[in-house]
Amino acid sequence: MQVFIDRIRAAIAAHSGLDAAELKIESPRDPSLGDLAFPCFPLAKALRKAPPAIAAELGEKLTGDLEGISVEAAGPYLNFRIDRGTLAAQVLGTIQEEGEGFGGSDEGSGKTVVLDFSSPNIAKPFHVGHLRSTILGATIQRLHDALGYRTVGINHIGDWGSQFGKLVAAIQRWGDEVDLEGDPIRSLLTLYIRFHDEAENDPELVEAGRAAFRELESGEEGEVRATWRRLTELSLAEFDRIYQRLGVSFDHVRGEAFYEPYLEPTIERIRASGITEESEGALVVRLDEYEKGAPPCLLRKTDGTTLYATRDLAAVFHRWDEFAFDRCLYVVGSDQRLHFRQLKYVLRRMGLDWESRVEHVDFGMLSLPEGKLSTRKGQVVFLEDLLDRAVEQAGAIIAEKNPDLADPERVAEEVGLGAVVFHDQKRERVKDVVFDWDEVLSFEGETGPYVQYTHARLASILRKAVEKGLEAAELAPESLAGLADSGELLLTLGRFPTVVRSAAAEAEPSIVTRYVLELAREMNSWYANHRVLGGDPEESRARLALVRGAKIVIGNGLRLLGVAAPEEM
RNA sequence: GCGCCCGUAGCUCAGCUGGAUAGAGUGUCUGCCUCCGGAGCAGAAGGUCACAGGUUCGAAUCCUGUCGGGCGCACCA
């Protein structure tokens, strides 16, 4: 697709003297007008002529310049139509050649992207609120992988901070009353809630919590540290089960505690740059020169212990020192926008030019119809419950619609998880979400299973073609002329690499989701109106080539999103 | 109070970073299984792009203000 755009740009540039790279080529609103369009408005000022006149003149000059592309002026627009055989051969040829790699490129080779995502807190249940960071982060990593970047996915586990002092204190007091080994997450949650309830009227308990965190941070290898270690191990084992099911993995699992040895050097590094000051007994960096009313960044509390921001600063320095990244993406909820702005301001005040490479890939907050998520109030949906229900429902539909399916359990897992994972990437990241069971568990319309179904049907057609001994046509313009009425679909297929590129650049998986939905919709409509097998053999072979290409692209899109592309369902 | 984000069909969302007549899904209504898989296809209906100004050849898109919603605002993470 890009080759046609490049050729058009070059031709226009040759006749207008404009820079080819700056020419905006777009799609006409009405596909019957053409495949690509160039609006002539931007030329009007330079040439001191009316856009329609420019279009007409330019159209005249371009005619004949572009082999396989016809030109037509329509008002102020110049519309281009690519010969269908040429288009089909180019698009399907590229797909066939690149296969699972189609959509990717090597534009990122030599560049490194660090991604911080998922990052759940130890001792808390993994619920639907944690799903977005995990899924979005994993997809953004795959998008960059596809573009040839070296990627480093880091799970920045929340395993440090004063809440662990509280937890340790609670375990010391009531640890015998719960089944810590048997049901760790639930037990820890019970203890955490109890701590907060009782701490309100028990200053001694509060102090015990503080003391425990001080001991933890002191590095002393005592009982507190041993307890904290055990907590971490128990929680990680639970998280791993979920990651495995979702097919998510990390290059590094580094809790906040990992950066513990770097805390003091980090504080020194910032202090050495001369931007720190004492304020009310705490060590802070003022940031209001960048933003009116921006609160200062606290590096050290009055009691000498560090904060979240200190640890994140230590982490970002460590990552820079280790990876010298070109991008460092934090896939973290929008409730932490201020935190990341502060983080970047500190780097900016230190005069570090790589500050702009650090990006907060924020996403909207999830709530339930009855209000905010609250583990303590029981207002949560546990992720495993959601996944189980989705899979169960997929299983029920399979039993009804396709009882002879070979491996129904596996496919139910693929489709059920597909629905959940796809749904979480459907809208723009920034949008807040109200969790709705019916919406997530829907398998019709703009859903993962709809796209998977399209893929499975294309696979089915290809299987049947093999049975009949039909082969796809040679990918040459002459043999693909039968696809003359399938231009829109070919254009959509050809657009995929652009989709992948902008989804990665904007760290926006929904661009891929929307694309894959559009392609599935067009494909469904197409094969409802175009019989692939059983007609004229030449036509069948050409259409088979299109089916093969579409199946590859849909499969690639789904895989980028972390959704399985079943051959049958 | 201050800051950031969001506001498009009844509902959930797109709208290609300023271009041609604002599009999907869902819900409602209507058709389509002697035909490659009906988790599907085709059609009808549904709009003051929150509101008011501004910028220019042109604004859902950019700027300002108002209203509504979300999130955040020094010793939590």
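## A walk through a predicted two-domain chain

Strand S2 (residues 69-74) and strand S3 pair in the antiparallel sense, and six bridges hold the pairing. The model that shows this pairing is a predicted one. Within the pairing, Glu72 stands opposite Asn79 in S3. Two residues lie between the strands of this hairpin, and Gly75 takes a positive phi near 60° there. S3, which covers residues 77-82, also pairs with strand S1 (residues 36-39); these two run antiparallel and are joined by four bridges. In that second pairing, Ala37 has Asn79 of S3 as its bridge partner. Asn79 therefore takes part on both sides, since S3 pairs with S2 as well as with S1, and strands of this kind are counted as paired from at least two bridges.

From this starting point one may turn to the chain as a whole. Chain A contains 20 helices and 14 strands. Its C-alpha trace spans about 85 × 65 × 40 Å along the principal axes. The chain has 569 residues, and 52% of them count as buried. Among the contacts in chain A with a separation of 6 or more, 74% are between residues 24 or more positions apart. The chain is divided into domain 1 (2-82) and domain 2 (110-158 + 255-569). Between the C-alpha centres of these two domains the distance is 36 Å.

What lies between the two domains? The largest nonpolar core has 150 residues, and Phe38, Phe80 and Leu92 are the ones that touch the most other members. Helix H20 (residues 537-560) gives the most to this core, namely 11 residues. Because domain 1 and domain 2 both give residues to the core, it lies between them. Phe80 offers a detailed view of its surroundings. If neighbours within four places in sequence are left aside, the residues in contact with Phe80 include Ile8, Ile12, Leu36, Ala37, Phe38, Leu62, Leu66 and Ile69. Gly34, Asp35, Ser70 and Val71 are also among the contacts of Phe80. Apart from the largest core lies another one, of 29 residues, and its members include Val114, Cys297, Leu343 and Val358.

The next feature is a sheet. Five strands form an open sheet in the order S6-S5-S4-S10-S11, and the pairing is parallel. At its edges stand strand S6 (252-253) and S11, each of which pairs on one side only. Is S11, then, buried or exposed? Five of the six residues of S11 (residues 358-363) are buried, so this strand is largely enclosed by the rest of the structure. Its pairing with strand S10 (residues 327-333) is parallel and extends over six bridges. One of these bridges has Val331 and, in S11, Val361 as partners. Together with helix H12 (residues 337-349), S10 and S11 make a right-handed β-α-β unit.

Another open sheet is built of three strands in the order S13-S12-S14, and its pairing is mixed. Strand S13 (371-372) and strand S14 (433-434) stand at the edges and have a single partner strand each, so one side of each is left without a neighbour in the sheet. Strand S12 (residues 366-368) and S13 run antiparallel and are joined by two bridges. In this pairing, Ser367 has Lys372 of S13 as its bridge partner.

The aromatic residues complete the tour. In the whole structure, a search finds 18 aromatic pairs. How are the rings of Phe435 and Trp437 placed, stacked or edge-to-face? Their centres are 5.3 Å apart and their planes stand at 85°, so the pair is edge-to-face; planes over 60 degrees apart are counted in this way. The two residues can also be described by their accessibility. Phe435 has a relative accessible area of 6% and is buried, whereas Trp437, with a relative accessible area of 25%, is partly exposed. Residues count as buried under 20%. Elsewhere, ring pairs link Phe117, Phe126, Phe239, Tyr243 and Phe250 into a cluster.

Notes. Residues are numbered from 1 along each chain as its sequence is written. Chains are lettered from A and ligands numbered from 1 in the order in which they are written. This is a predicted model: local features need pLDDT of at least 70, side-chain atom pairs count only at pLDDT 80 or more; totals for chains, interfaces and linings use all residues. Side-chain values use heavy atoms; hydrogens and water are left out. A nonpolar core is a set of buried Ala, Val, Leu, Ile, Met, Phe, Trp, Tyr and Cys residues joined through side-chain atoms within 4.5 Å. Buried means under 20% relative accessible area, exposed over 50%, partly exposed in between (1.4 Å probe, protein chains only). Domain bounds come from an automatic or database domain assignment. Contact means heavy atoms within 4.5 Å. A crossover is right-handed if, with the strands pointing away from the viewer, the path from the first strand over the helix to the second runs clockwise. Rings of Phe, Tyr and Trp (its six-membered ring) pair if their centres lie within 6.5 Å; planes under 30 degrees apart count as stacked, over 60 as edge-to-face and the rest as tilted.
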